[in-house]
Amino acid sequence: MNKFMHAALPFGIAGGFLLVLGFLLLYFLGTEPVGMVLNFGYVATPLFVFAGIKQFRDKHNGGELYFSQGMSVGFFVYTLMALISAFFIWVFMVFQPEVFEVFKASNIALLEQKRALLTEQLGEQSFEETYVNIQAMSVFDVALNDFLRKIIPGLFFTIIISIILKRTLTP
């Protein structure tokens with residue numbers, strides 16, 4: 001387990017801090033950072049997972065990689081990225097509640113803008129439930145959402161990357 005963590009740690013930390021840096025950059029540019037960093041994670045996660053698994057295969061495992069090894073390294077990379085990102089967003093929104101309020105308001109505005117389409121497809125009751133849920137959203141909910149939006153795609157990307165990079169050496 002130690003060599004998995006040793007290979008994954010630098011990529012998980014670097015990826016997590018890149019997501020934090022992206023969040024801060026968007027914040028200082030005056031853009032709503034929460035929604036944008038969620039999308040940015042869809043690009044950063046597979047890149048860092050790929051780099052971590054490839055690093056493990058080439059530098060720590062003698063050019064050999066079993067699917068389970070790739071899954072383990074990838075898990076550590078994307079979980080670390082998700083933890084760093086979600087924790088930072090949670091702390092940031094606790095100390096900067098106006099960011100949370102802007103995020104919440106933008107979600108409500110988007111929901112209102114798409115009201116006709118959503119009520120047609122899902123019904124008025126589903127729309128109202130969604131509206132109430134957004135109104136009741138907390139900072140923890142936003143951080144949890146960020147965490148899950150890194151974990152679930154991370155698992156998907158790790159499966160694919162582990163298959164692509166899988167290599168066994170034959171004697």
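A polar contact is a pair of N or O atoms within 3.5 Å, in which, within protein, one atom must be able to donate a hydrogen and the other to accept it. With that term in hand, the tour of this predicted model can begin at a residue that illustrates it.

**First stop: T45**

Select T45, which is located in helix α2, spanning residues 33-60. Display its side chain together with the backbone of G41: a polar atom of the T45 side chain lies 2.7 Å from the backbone oxygen of G41. Is T45 buried or exposed? Its relative accessibility is 2%, and T45 therefore counts as buried, the cut-off for that class being under 20%. Next, add Y78, M81, K150, G154 and F157 to the selection; T45 touches these residues when those up to four places away in sequence are not counted.

**Second stop: the largest nonpolar core**

Now turn to the largest nonpolar core, which has 36 residues. Select F23, V34, I53, V73, V77, M93 and V142, the members that touch the most other members. Colouring by helix is useful here, since at least two residues of this core are supplied by each of α1 (2-28), α2, α3 (67-95), α4, α6 and α7 (139-165). Which helix gives the largest share? That helix is α3, with nine residues. In soluble globular proteins, nonpolar side chains tend to be buried together.

Centre the view on F23. Beyond its neighbours within four places in sequence, F23 is in contact with P33, V34, V37, F88, I89, F92 and V99. One of these partners, V34, also appears in the list of core members that touch the most others.

**Third stop: the largest pocket**

Select N107, L110, L111, K114, L118, T130, N133, I134 and M137 to show the lining of the largest pocket. Two elements, α4 (97-113) and α6 (124-135), give two or more residues to this lining. The space in the pocket amounts to about 180 Å³. By class, the lining comprises five nonpolar residues, three polar residues and one charged residue.

**Last stop: E112**

Finish at E112, which is found in helix α4. With 34% relative accessibility, E112 counts as partly exposed. Show F127 and Y131 as well: E112 is in contact with both, leaving aside its neighbours within four places in sequence. Then draw a distance from the C-alpha of E112 to that of F67; the two residues are 45 Å apart in space and 45 residues apart in sequence.

Methods: Residues numbered from 1 in each chain as written. Predicted model: local features only at pLDDT ≥ 70, side-chain atom pairs only at ≥ 80, totals over all residues. Heavy atoms only, no water. 1 Å grid on protein atoms, 1.4 Å probe; cavity = no way out; pocket = protein on both sides within 12 Å on 5 of 7 lines; lining within 4 Å. Points joined across faces, edges and corners; volume = space filled by probe spheres on them. Helix = DSSP H or I, 4+ residues; strand = E, 2+ residues; numbered from the N terminus. Nonpolar A, V, L, I, M, F, W, Y, C, P; charged D, E, K, R; others polar. Buried < 20%, exposed > 50% of the residue type's maximum accessible area, 1.4 Å probe, protein only. Contact = heavy atoms within 4.5 Å. Core = buried A, V, L, I, M, F, W, Y, C linked by side-chain atoms within 4.5 Å.
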